[in-house]
Amino acid sequence: AIKEAIEIARRAQVPLEISHFKSEGKRNWGKAQERLRLIESARKEGIDVTADFYPYTFALTFLHSLFPTWIFRDGLEAVPEKLKNPTIREQLREYFRLAGDVVGISDVEDWRTVVLSNPSNPKYKGKSVLEIAGEQRKDIVDTVCELVQSEGLSLGILLLWMSEEDVDVIAKHPLIMVGSDGAVVTSPKEMIHPRYYGTFTRVLGYYVREKKLMGLEEAVRKMTSLPAQRFGLKDRGVLREGNYADCVIFDPERVKDCATIDEPNKLSEGIEYVIVNGTVVFEHGKFAGKYPGKILRKKVKENC
């Protein structure tokens, strides 16, 4: 997909941003450096391409997102009824056997990394699809179809699909910026990934202080000036006279993420102040009840 995206950018002569850059699935582990070289080569050709990542080895989505696109042609509401059809189930078995166009599950063992996060039936909580299939003595496709039918289309899953080594390689690359890839206000409580609350403090505490993958200054650049420049946000992303005062003041020795899978909305530690447009909105662990933010629009194009 990266090659295809770069080719589109080349032909259209437009900038390219690759969101949540990662190497998913065990068959892709160890390929992060290879994929980063595609970006490097493209930039040498003059193609304006960068990427962003989030600092976790797992994703959070819905079980039905693993299905092929053709099953949704009649809308989401029609999916549970379709899954009762034996012919459809056989087509799904073939799809997953061939490592389909969405997630590339091609081995039964891969379903060990698909873990239910918000089932209404508590006995399924924290269990993988493979584990549930074994308990019920059913094959994977029958298990998946029946879970969607009994739990509904909002059944959330954790995908334990990335290796720590690949995430490290991606994190420290100079063309990669940091992104949370989360919108808390639009997500049900049970579908909040820890990255919504912990992404940036995890980079500062775990990747900078503990793992020493990059310096503090480089980490801050990946969160501030690089994305601001990339998206043309004028007068932001750098502490400079005349710029908007968007600041976070933290203790580099204490800062760390506290959000977990079980407590995804837990606030981080070590953040002393958050200032938005010159107004203090967070001070010593307390929200000030002020909302000075505003919609930002692209003003100018700057090179990264």
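Two strands are taken as paired if DSSP finds at least two bridges between them. The model described here is predicted.

By that criterion, strand β2 (residues 49–53) has a partner in strand β6 (residues 176–178). Three bridges join the two, and they run parallel. Within this pairing, Asp 52 of β2 has Met 177 of β6 as its bridge partner. Strand β1 (residues 16–18) is also joined to β2 by three bridges, again in parallel. Here Ile 18 is matched with Ala 51 of β2. Helix α2 (residues 32–44) completes a β-α-β unit with β1 and β2. The unit is right-handed.

Strand β2 is mostly covered, with five of its five residues buried. In a regular strand, side chains alternate between the two faces of the sheet. In β2, Val 49, Ala 51 and Phe 53 lie on one side, and Thr 50 and Asp 52 on the other. Both faces are covered, and these residues are all buried.

Helix α1 (residues 2–12) has a buried side and a side turned away from it. Its buried residues are Ile 2, Ile 6 and Ala 9. Viewed down the axis of α1, they fall within an arc of 60 degrees, so they line one face of the helix. An α-helix has 3.6 residues a turn, so residues three or four places apart point the same way. The buried residues of α1 pack against β1 and α2. The face turned away from the buried side carries Lys 3, Ile 8 and Arg 11, which are exposed. Just after α1, Gln 13 adopts a positive phi of about 55 degrees.

Notes:
Residues numbered from 1 in each chain as written. Predicted model: local features only at pLDDT ≥ 70, side-chain atom pairs only at ≥ 80, totals over all residues. Heavy atoms only, no water. Buried < 20%, exposed > 50% of the residue type's maximum accessible area, 1.4 Å probe, protein only. Helix = DSSP H or I, 4+ residues; strand = E, 2+ residues; numbered from the N terminus. Right-handed = clockwise from strand over helix to strand, strands pointing away. Arc of directions from axis to C-beta. Contact = heavy atoms within 4.5 Å.
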